[in-house]
Amino acid sequence: MSSRTATLPVRNPGTGELLGEIEDFTDARITAALAAAAAGHRAMAALPAWERSQLLLRTADLIEAEQESLARLLAAENGKPLFQTTEEVKAAVRIFRGFAGEATRLFGRQIPLGAVPGLERHLAVTVREPLGPVAALVPFNYPVELYAHKAAAALAAGNAVLVHPPVRCPLALLRIGELVERAGAPDGAHQLLTGGVHVSQELAGRPGAAAVSLTGSTGAGREIARRAADTLKKVHLELGGNDALIVCDDADVAAAAEAVVLGRLARGNGQICCAVKRIYVQDGVHDAFVDALLAGAAKLTVGDQLADGTDVGPLISEDAAGRVEAAVAALVSDGARKVAGGARDGAFSTPAVLVDVPQDSPALAEEIFGPVAPVARFTDPLDAVRMANESPYGLQAAVFTRDIKRAFSLANRLDVGGVVINGSTALRAENLPFGGPKDTGGSAEGLHDTALEFTRQKTIVVMEALG
C-alpha cells in the first residue's frame, strides 16, 4: 500500500483549470491536530486581552496587504465575480479588526448578593473564560468572510481554532492561514484541516473540540448536531434560508426590483443563504414589478468571473448548476411560467425569472441555491406574511412599503431573525446579529455575539468581602 498522502484537486468551476491540490486529512492527522489545538488553546488562553487584540490587528493588516491577490484567487476557485470577492476580503479585514476590539471587551459582572437574605456581606463577580478549541466549519459561498466570523471570534476569546475550509475552494483560506501564523499565533492555536466532509464530522464527534460552529445547509447542521451530542460540545449553527421579499402596492417598484436583481440574481451568483428566494407582490403593482425585474435581469452579464463587467459567474460546480436547473423545472411543473433565463451551460446558470408561481408549490418551499427569482401574487399583506412564515426556515425577510406603520406591523409578524425594510435580504453587517429560528439553526453570529458564544462564565464568591 502506498504511503503517499491522498490529495484532492481544486479547480476553477467555470473553466475546469486545475488551481492546486489539497491534502485529504486522515483520522491520524485529525488526531494530531486536536492534540496540537489543546496546547495552542492553553497558549491563547494565557495571552492577555491586549495581546490577542494585537494578534488580530496584525492579521488584518497582512490580509489587507494581500487583498488583491487573495480576491483574485478566491474568484478563480469560487466562481463569484472578482469585484464581489474583493468586497468579501475587505469584509474579512473589518471583521478581524472588529474582533480585535471585542477581545478587550469580554466583560464580567458584579452580582449583588444583597438580593438574597443572609448573603448581604458577600461579594460575587463573574469572569469570562475561553471555552476551549473551536471547530470552525466553513461553507463555499463566502468562505473568507465566514471564516473570519468564526476564527477571529475564537481567537479573540482566547481559544484555539480548527478550521475546515470548503473542499472546492480552500486555497484563499490556506493562504490566510499562513498570514495568521506570520502574525504570531501560538503553535497549534490556528490550524486548517483540509479534505472532505469526514473532516467536519470527525471534528464534531471527537472530544478534543469544546465547540463546533457551522455555516451550511440544514441537513449538514442536523448531522453535525447529532455527532456533537455525544460529547456535549457547544453547537453554533447558521443554516439555510428561504427569505421572502414582500412588495406592497405603495412600494417603490423600481427599488424593489433592483433589490431582487442585485440581492438574488447577481450577488454571490445566487448562492447566498440570505438572498431573496421568494418574492410576493401585491396585485396592484405586480405587472409593473415584473416588468422592472425583467428589465434589470436582462442587463446582467454571465461569464468569466475574472473578467471586467461580469455580473454572474459560474456556480460552485456543475452539480450545483444542475440542481438549480432541476428546481426551475420543478417550479414550471408545479404551474409557474418561466419568463426569463433558466438555461444551464456546465456550471453556468442564466438568471431565471418565474411568474404565476403557485403559493403551495413544494419547489417554492425549498431553498434554491442559485440565480432564480420566483414571483407569486398576494392581495392582503397579512396573507403574504402568512405565506412567508409557512417556510421551515427563518433567516431574514424584506418588506417594501412607504407606510412606516405597515412596515413595523409586518416586521413584527414575520417569524425570522431579521427584517429589512425597503432593501434586499442579502444584507449582512458584521456588527449586527445574524441568524434565525426554526431550520435556520437558532444561533446568532456577529461582532457583539460570537466572541461571547466562545466563552464560558465563571462565578467567584468572596465571603464576608463587605463585612
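This report looks at ring pairs, charges over rings and one small sheet in a predicted model.

**Aromatic pairs**

Let's start with the aromatic rings. The structure contains 2 aromatic pairs, and the table sets them out.

| Pair | Centre to centre | Angle between planes | Geometry |
|---|---|---|---|
| Phenylalanine 96 and tyrosine 147 | 6.1 Å | 40 degrees | tilted |
| Phenylalanine 140 and phenylalanine 369 | 6.0 Å | 85 degrees | edge-to-face |

Why is the pair of phenylalanine 140 and phenylalanine 369 called edge-to-face? Its planes meet at 85 degrees, and an angle over 60 degrees counts as edge-to-face. The planes of phenylalanine 96 and tyrosine 147 are 40 degrees apart, so this pair falls between the cut-offs of 30 and 60 degrees and is tilted.

Where do phenylalanine 96 and tyrosine 147 sit in the chain? Phenylalanine 96 belongs to helix H4 (residues 82–102), while tyrosine 147 belongs to helix H5 (residues 143–156). With their positions 51 residues apart, the pair links distant parts of the chain.

Are these two rings buried or exposed? Phenylalanine 96 has a relative accessible area of 1% and is buried. Tyrosine 147 is buried too, at 1% relative accessibility. Both values are under 20%, so the two residues count as buried.

The other pair also links distant parts of the chain, with its residues 229 apart. Phenylalanine 140 is found in the loop between strand E5 (134–137) and H5. Its partner, phenylalanine 369, is found in the loop between helix H12 (362–365) and strand E16 (372–378). Phenylalanine 140 has a relative accessible area of 23%, which makes it partly exposed. Phenylalanine 369, at 25%, is partly exposed as well.

**Charges over rings**

Rings can also have a charged side chain over them, as two examples show. Arginine 29 lies over the face of phenylalanine 25, and the distance to the ring centre is 4.2 Å. In the second example, lysine 80 places its charged end over the ring of tyrosine 142, 4.2 Å from the centre.

**A three-stranded sheet**

Now for the backbone. Strands of a sheet pair through backbone hydrogen bonds, either parallel or antiparallel. Here, 3 strands make an open sheet with antiparallel pairing, in the order E3-E4-E19. Which strands are at the edges? They are strand E3 (109–111) and strand E19 (455–462), each pairing on one side only. From one strand to the next, the twist averages 30 degrees.

Take a look at where E3 meets strand E4 (residues 123–130): the two run antiparallel and are joined by 3 bridges. At this meeting place, isoleucine 111 stands opposite alanine 124 in E4.

Definitions and conventions:
Residues are numbered from 1 along each chain as its sequence is written. This is a predicted model: local features need pLDDT of at least 70, side-chain atom pairs count only at pLDDT 80 or more; totals for chains, interfaces and linings use all residues. Side-chain values use heavy atoms; hydrogens and water are left out. Rings of Phe, Tyr and Trp (its six-membered ring) pair if their centres lie within 6.5 Å; planes under 30 degrees apart count as stacked, over 60 as edge-to-face and the rest as tilted. Helices (H or I, at least four residues) and strands (E, at least two) are DSSP runs, numbered from the N terminus. Buried means under 20% relative accessible area, exposed over 50%, partly exposed in between (1.4 Å probe, protein chains only). A charge sits over a ring if NZ of Lys or CZ of Arg is within 6 Å of the ring centre and within 35 degrees of the ring normal. Two strands pair if DSSP finds at least two bridges between them. Axes are lines fitted to C-alpha atoms, for helices over the stretch in contact, and angles run from 0 to 180 degrees between N-to-C directions.
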